[in-house]
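Me: Could you walk me through this one? I'd like to hear about its core and its charged pairs.

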Amino acid sequence: MTRWWAEFALARDPQLKARVHRLEDEAAEATDNAHAMSLVEEAGRLHREASKAQPGQ
């Protein structure tokens, strides 16, 4: 349920959703593991923040 809610929260904010996907795409293309990890961590942080939003926010 938590994962679904995070996805729903991201879908309600197209700019945030695009940012998360950009970070994930950049991480997949990165040749430097440390850089890739920092991008994945940032995407994860944004997912967690989005999942904290309450309905109607």
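What follows is a short back-and-forth on the core, the salt bridges and one glutamate.

Reply: Quick ground rules: this is a predicted model, where local features need pLDDT of at least 70, side-chain atom pairs count only at pLDDT 80 or more, and totals for chains, interfaces and linings use all residues. Residues are numbered from 1 along each chain as its sequence is written, and side-chain values use heavy atoms, with hydrogens and water left out.

Me: Which helix gives the most to the largest nonpolar core?

Reply: A nonpolar core here is a set of buried Ala, Val, Leu, Ile, Met, Phe, Trp, Tyr and Cys residues joined through side-chain atoms within 4.5 Å, and buried means under 20% relative accessible area, with exposed over 50% and partly exposed in between (1.4 Å probe, protein chains only). The largest one has nine residues: Ala-9, Leu-10, Val-20, Leu-23, Ala-27, Leu-39, Ala-43, Leu-46 and Ala-50. At least two of them come from each of α1 (2-11), α2 (14-29) and α3 (33-51); helices are DSSP runs (H or I, at least four residues), numbered from the N terminus. The top contributor, with four residues, is α3.

Me: What is Val-20 in contact with, leaving aside its neighbours within four places in sequence?

Reply: Contact means heavy atoms within 4.5 Å. Val-20 is itself one of the core residues. With those neighbours set aside, its partners are Leu-10, Ala-43, Leu-46 and His-47.

Me: How far apart in sequence are the parts that Glu-42 and Arg-19 tie together?

Reply: These two side chains form a salt bridge at 3.2 Å, N to O, the rule being a side-chain nitrogen of Lys or Arg within 4 Å of a carboxyl oxygen of Asp or Glu. Both ends are partly exposed, Glu-42 at 22% and Arg-19 at 37%. Glu-42 sits in α3 and Arg-19 in α2, so the parts they tie together are apart in sequence by 23 residues.

Me: Which residues are joined into one network by salt bridges that share partners?

Reply: The count is two salt bridges. Besides pairing with Arg-19, Glu-42 bridges to Arg-45, with the closest N and O atoms 2.7 Å apart. Arg-45 and Glu-42 are three residues apart in α3, so about one helical turn separates them. The network is therefore Arg-19, Glu-42 and Arg-45.

Me: What does Glu-24 contact beyond four places in sequence?

Reply: Glu-24 is in α2 and counts as partly exposed at 32%. Its C-alpha atom is 10.0 Å from that of Met-37, 13 residues away along the chain. Its contacts, leaving aside neighbours within four places, are Ala-43 and His-47.

How values were computed: Helices (H or I, at least four residues) and strands (E, at least two) are DSSP runs, numbered from the N terminus.
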